[in-house]
Amino acid sequence: MSLESDVLVIGAGPAGSASAALLRRAGFTVTVLERERFPRFVIGESLLPRCMDVLHEAGLLDAAAARGYLVKRGARFVRGPDVCDFDFADTHTPGWGWTWQVPRADFDSALAEAAQRIGVAVHFEREVLAVRLGDGAQELDVRDAGGALATYRARWIIDASGYGRVLPRLLALDCPSGQPHRRALFCHLSGDRRPPGPDEGRIWICVHPAHGVWLWVIPFSNGLTSVGAVGPEEFWRDHWDESDLEATLRRVIAGEPNVHARLADTQLAAPLRVLRGYSAAVRQLHGPGYCLVGNATEFLDPIFSSGVTLALESASLAARALIRQLRGERPDWQAEYVAPLSRGIDVFRTFVGAWYDGTLETIIFSKEIRPDLRRQICAVLAGYVWDQTNPFVARHAHRVPQLARILARDPALTA
């Protein structure tokens, strides 16, 4: 069987649904090939305000709003007795003052269904086995759940396969990420003792006493809470019990008093899951007949919840360039896609590195930061990492360590 489309999209996650919706709204035929049957579990459950802009651009915002997700108005960082709240309504960059905490199984299904309603063909349980790139015609060999084989043809392929990283594997595009190997252990729990009122929806990011270890707490409107612990491999070697992962997670939770007080009486609501060595990178983001978006490009780390933001942003940038190309124009993929996406990734990379080496802790938990500096940091945490008016975006590699040095030497200098 041969199915013809203007564009084939591999993966029906947020990047796949957003890019497909943008292309369909521009008048092109789009087929999405998804390996799993939805709904399915996936990590990346805490959105950033920048996501709302792209969801609106793709026409997917109303579909998400109808699901009644818990409103997230900011982030709370906790380290022992130290607490720092960032409010998304008080940032340097104008934009959304809130976003959502989303169970991804439901969220991804809602976006895919919205894309289907505007004419995107979404084929579930389709595994991509091989790719052939040609001059104007690209082919994917695909196997369905019953084992039947088919060849899908299109003018262009977008790989939005996330952790599946289909084209990076098939085209040998993978390369070392440069990030140290870390491991994440996570699950959903019930019985969370949440703060009342508007603080209920905040994500908690809690610093564990062990170096380089932290925990997330993400509440959902369905009463469940996502909880995860992230740390270097050497930490897990001393704490891991493969035969009892729940006990492993409970021991890590018990080591951080704030998380323990909130989650002491919780019950496991879903099986525990593990991600090992999750960071990834590629040699190139596009080539003749294809481009990569979302986690198929580069994934840094779950800290700061940048994954869905970068996935949606990459979908938007790629769709804009591809619409021009399909209309017979000649977009500059390096300037219009690779360069802007890479700038945002680089900002998050600086913040990820500063988190793990302790630099960002010095900034976040300081009581002396001027309000304007605090708003600039908050704008990055809200996902506005393309705003060049923000010094922590325009000069991130210099500005973050500089501020930490000033605070460590003389906090009053920032007052």
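This report walks through salt bridges, helix packing and a few unusual backbone spots in one predicted model.

In this predicted model, local features need pLDDT of at least 70 and side-chain atom pairs count only at pLDDT 80 or more, while totals for chains, interfaces and linings use all residues. Residues are numbered from 1 along each chain as its sequence is written, and side-chain values use heavy atoms, with hydrogens and water left out.

## Charged pairs

Side chains of opposite charge can pair when their charged atoms come close. A salt bridge here is a side-chain nitrogen of Lys or Arg within 4 Å of a carboxyl oxygen of Asp or Glu. How many salt bridges does that rule give? The count comes to 33. Here are some of them.

| Pair | Closest N to O |
|---|---|
| Arg 194 and Glu 200 | 3.0 Å |
| Asp 346 and Arg 349 | 2.4 Å |
| Asp 372 and Arg 370 | 2.9 Å |

Some salt bridges share partners, and that joins Arg 76, Asp 85, Asp 87, Asp 199 and Arg 202 into one network.

Next, how much of these residues is uncovered? Relative accessible area sorts residues into buried (under 20%), exposed (over 50%) and partly exposed (in between), using a 1.4 Å probe and protein chains only. Glu 200 is partly exposed, because its relative accessibility is 26%. Asp 346 is partly exposed at 32%, and Arg 349 is partly exposed at 26%. For the third pair, Asp 372 has 28% and is partly exposed, as is Arg 370 with 31%.

Helices and strands are DSSP runs numbered from the N terminus: helices are H or I with at least four residues, strands are E with at least two. With that in hand, look at Asp 346 and Arg 349 again: both sit in helix H10 (residues 333-356), three residues apart, which is about one turn of the helix. An α-helix has 3.6 residues a turn, so residues three or four places apart point the same way.

## Helices side by side

Two packed helices are described by the angle between their axes and the distance between the axes. The axes are lines fitted to C-alpha atoms, for helices over the stretch in contact, and the angles run from 0 to 180 degrees between N-to-C directions.

Start with helix H1 (residues 14-25) and helix H9 (residues 307-326), whose axes come within 8 Å and cross at roughly 30°. Are H1 and H9 roughly parallel or roughly antiparallel? They are roughly parallel to each other, a label for angles under 35 degrees (over 145 is roughly antiparallel, 65 to 115 roughly perpendicular, and the rest oblique). Their crossing is right-handed. A crossing is right-handed if the near helix is turned clockwise from the far one by less than a right angle, and left-handed if anticlockwise. Contact means heavy atoms within 4.5 Å, and the residues of H1 that meet H9 include Pro 14, Ala 18 and Leu 22.

H9 also packs against helix H2 (residues 49-57), at an angle of about 35° with the axes 9 Å apart. This time H2 passes H9 in a left-handed crossing. Among the H2 residues that meet H9 are Arg 50, Cys 51 and Val 54. Val 308, Leu 312 and Ser 316 are among the H9 residues that meet H1, and they are also among those that meet H2.

## Around helix H12

Which residues of H12 are buried? They are Leu 373, Gln 376, Ile 377, Cys 378, Ala 379, Val 380 and Leu 381. Their cover includes strand S4 (74-79), strand S5 (82-87), H10, H11, helix H13 (391-394) and helix H14 (396-409). After H12 comes Gly 383, with a positive phi near 95°.

Ser 366 lies in the loop between helix H11 (359-364) and helix H12 (371-381). At 18% relative accessibility, Ser 366 is buried.

## Backbone surprises

Most residues other than glycine have a negative phi, and most peptide bonds are trans. Where does this model differ? Phe 38 and Pro 39 are joined by a cis peptide bond, with omega about -5°. Pro 39 is in the loop between strand S2 (30-33) and H2.

Ala 172 is not a glycine, yet its phi is positive, about 55°. You'll find Ala 172 in the loop between helix H5 (166-170) and strand S11 (174-175), where it is exposed at 51%. Phe 304 also has a positive phi, near 75°. Phe 304 sits in the loop between strand S20 (290-292) and H9, and it counts as buried because its relative accessibility is 6%.
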